[in-house]
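Colleague: I'm new to this one. Could you walk me through how to read it?

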Amino acid sequence: MATAKFQALRGTRDILSPESERQRALVNTFAEQCHLAGYGHIMSPIFEDLGVFLRVGESTDVVTKEMYDFEDKDGRRIALRPELTASVVRAFVQHNPPNLPWKAWYEGPQFRHERPQAGRYRQFSQVGIEVLGSDDPHVDVEVIALGWRFYESLGMQQVTLLLNSLGDESCRPQYFTALETYLRDRAADLTEAARETLEKNPLRVLDSKREQDAAVIAEAPLMVDHLSAETAEHFAAVRSGLEALGIPYEISPKLVRGLDYYTRTTFEFASTALENAQNAVGGGGRYDGLAESLGGKPTPGIGFALGVDRILLACDAEDTFPAPSTVPDVFVVDLTGGGEAVVVTDRLRQAGISADRGFDGRSMKAQMKVANRAGSPWAVIIGENELAEGNVTVRDMHGETGQTLISSADLVTELSSRLGR
Ligand code: AMP
């Protein structure tokens, strides 16, 4: 009987080298930029008490329909995180760090039971930042700018920043009433799905991508026209901060984002290099009420999450940020049985020279074929005569300087100089 072969589950994927090296390089670039801006790294658990997420998004698909939740062996309700803001704010409330604003960055996998398609997976990766403890609009500018500069550093040029303000408790209730009244008046023209959303959260009706809802949404009252003086001033300060940095933005009055907790500044980064449906490469906003709703003191906060998988698709489309080279500096060909290559590769690696080698005592021809495939600029060849005399041959694999016999003791110095180190 044939043994069943397993495959990665639908919506998940194995990321092999060199694409995996590319993801790691992306995260390293992000980490560097966060470090430059004074953000500390937070590593929180991949699973949390289900309540953490229920508290933050009871009317959203991400929480109600797409969450991987389960009962563990102790009968607790657990969820694999669908996003990291809730976890980070939970951690903030739990540890109550003394120095505010508290600035944290993160990276890692998220889980959402969505319908898989290009750029939409059930396990995907995000990088992000959160700042808690200040509602200074300059924080909003710093956060948005960090995202923008990050895309720039990857060489992405086709990113659009969409910006909106969702108001706060000083103006949102009045706006909600106006919006709800309007949508109820026009309910007959909405889709069944939009009418259902209206019952749960009128604001999210604006998020509908269905054609039939478009006409109603087009005439809906907008939050940006109903901002209180204070919220409008905050929003203006965010905009002028972005202008001072030369970061272009588009006001997008219907941008409501996928989670309930957003207040005031909200934003999304869209790539015009990607198909419309899957073109969001990141997004975020203020969540001034979130810490409190997770049992903490009232603490303003803002952050963003950027989709790593999707950023790399956009980089492909823009032909930028290629995978870093995984070609070893040196390939060692040992024709004496392979034992000497053990010692030589170890010496090279200890000296910071990357080295791969042939195995299985194969012929010169077979090992040279592997060396060629590896693409290393230099090969070290160990033959019986060389070994007996304490020598090795260094061969220029790209053919310019041929090959040289050198003393084995000089190998590290010789290769370092040839590699320009
Ligand atoms: P969100 O918090 O839903 O706005 O997610 C932030 C970013 O994560 C999005 O802009 C996407 O780039 C990315 N993202 C969200 N969901 C998925 C998914 N299912 N697969 C891949 N990337 C995703």
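Colleague: Let's start at the ligand: which atom of the ligand does a polar side-chain atom of Q126 lie 3.0 Å from?

Modeller: An oxygen atom of the ligand. A polar contact is a pair of N or O atoms within 3.5 Å. Keep in mind that this is a predicted model, where local features need pLDDT of at least 70, side-chain atom pairs count only at pLDDT 80 or more, and totals for chains, interfaces and linings use all residues. Residues are numbered from 1 along each chain as its sequence is written, and side-chain values use heavy atoms, with hydrogens and water left out.

Colleague: Which residues are closest to the ligand?

Modeller: R112, E114, Y121, R257 and A280, out of 14 that surround the ligand (a heavy atom within 4 Å). The side chain of R112 has an N or O atom 2.8 Å from a ligand oxygen, while for E114 an N or O atom of the side chain sits 2.5 Å from a ligand nitrogen.

Colleague: Which strand gives the most to that shell?

Modeller: β10, with 3 residues. Strands here are DSSP runs of E, at least two residues long, numbered from the N terminus.

Colleague: And how do I read strand pairing?

Modeller: Strands of a sheet pair through backbone hydrogen bonds, either parallel or antiparallel. Two strands count as paired if DSSP finds at least two bridges between them. Here, 8 strands form an open sheet in the order β1-β5-β6-β11-β10-β9-β7-β8, with mixed pairing. Within that sheet, β5 (residues 102-111) and β6 (residues 123-132) are antiparallel over 10 bridges. Q126, the residue we began with, is in β6, opposite G108.

Technical notes
Helices (H or I, at least four residues) and strands (E, at least two) are DSSP runs, numbered from the N terminus. A polar contact is a pair of N or O atoms within 3.5 Å; within protein, one must be able to donate a hydrogen and the other to accept it, and residues adjacent in sequence count only if both atoms are side-chain atoms.
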